[in-house]
Structures are given as structure tokens and as C-alpha cells.
Amino acid sequence: KVLVTLGNERKQMNEKEERIKSIYNDCWSIYKNYLVDHDMGKFNLHCEDLIKKYDGQPDIEGLVFWWAGRVQGLHDAYTRNGRR
């Protein structure tokens with residue numbers, strides 16, 4: 001019974017690690033796409049898609065809202081510097 005519990009815990013850890021990697025890769029891809037044209041509208045749509053992809057779980061919503069605010073700050077600096 002202990003081995004089964006350890007096996008289940010290991011499986012759950014592996015699933016969480018894979019989810020984290022997948023979210024990270026999706027975020028990186030969205031950010032790289034933003035850097036191509038600095039289109040915050042598209043960035044926001046991609047963020048909405050990301051939240052849907054992960055079933056709107058609270059952790060992904062919190063992460064995306066935190067992250068989008070940082071990207072918006074970078075975008076504001078980008079536009080203040082006369083770009084776009």
C-alpha cells in the first residue's frame with residue numbers, strides 16, 4: 001500500500017511538472033509573438049485562449065493576470081519611446 005501511494009504521488013508530481021512546463025512554453029510563445037508586432041490586442045486574445053486551454057483554473061488566471069500586467073508595462077514603455 002505504501003508503494004502504491006508513493007507511485008501515485010510521483011505520478012501527480014510528474015503531471016504537475018508537465019503542466020508547468022506546458023504553461024511556461026505557451027507563455028513564452030505568446031510573448032515571442034507579441035515581440036514581432038507589439039500588438040497588445042493579439043496578446044490579450046492569446047492570453048484569453050491560454051486561460052481557456054487550462055480550463056480557467058485559478059492558478060492560470062492568476063498567472064496570466066500578473067504576467068499580462070508586466071507585459072503591458074513593457075508595452076507602455078515601448079510606446080512612450082516613440083515606437084509604433
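Me: Ala, Val, Leu, Ile, Met, Phe, Trp, Tyr, Cys and Pro count as nonpolar, Asp, Glu, Lys and Arg as charged, and the others, Gly among them, as polar. How many residues of each class line the largest pocket?

Reply: The lining has 9 nonpolar residues, no polar and no charged ones. They are Ile20, Ile23, Tyr24, Cys27, Trp28, Tyr31, Leu63, Trp66 and Trp67. This is a predicted model, where local features need pLDDT of at least 70 and side-chain atom pairs pLDDT 80 or more, while totals for chains, interfaces and linings use all residues. Residues are numbered from 1 along each chain as its sequence is written, and side-chain values use heavy atoms, without hydrogens or water.

Me: What makes a space a pocket, and a residue part of its lining?

Reply: On a 1 Å grid over the protein atoms alone, a pocket is an open set of points where a 1.4 Å probe fits, with protein on both sides within 12 Å along at least five of seven lines. A lining residue has an atom within 4 Å of a point. The volume is the space filled by probe spheres set on the points, which are joined across faces, edges and corners. Here the largest pocket holds about 150 Å³.

Me: Which helix gives the most to that lining?

Reply: α1 does, with 6 residues. Helices are DSSP runs of H or I, at least four residues, numbered from the N terminus.

Me: How do you know that the length of α3 fits a helix?

Reply: The expected span is 1.5 Å times one less than the number of residues. For the 23 residues of α3 (residues 58–80) that gives 33 Å, and the end C-alpha atoms are 33 Å apart, so the two agree.

Me: Why is His38 called buried or exposed, and what of Asp55?

Reply: Buried means under 20% relative accessible area, exposed over 50%, partly exposed in between (1.4 Å probe, protein chains only). His38 has 13%, so it is buried. Asp55 has 62%, so it is exposed. His38 sits in the loop between α1 (2–37) and α2 (40–53), Asp55 in the loop between α2 and α3. His38 has a positive phi of about 55° though not a glycine; Asp55 also has a positive phi of about 55° and is not a glycine.

Me: What makes a set of residues a nonpolar core?

Reply: Its members are buried Ala, Val, Leu, Ile, Met, Phe, Trp, Tyr and Cys residues, joined through side-chain atoms within 4.5 Å. The largest core has 16 residues, and Val71 is one of those that touch the most other members. α1, α2 and α3 each supply at least two residues of this core.
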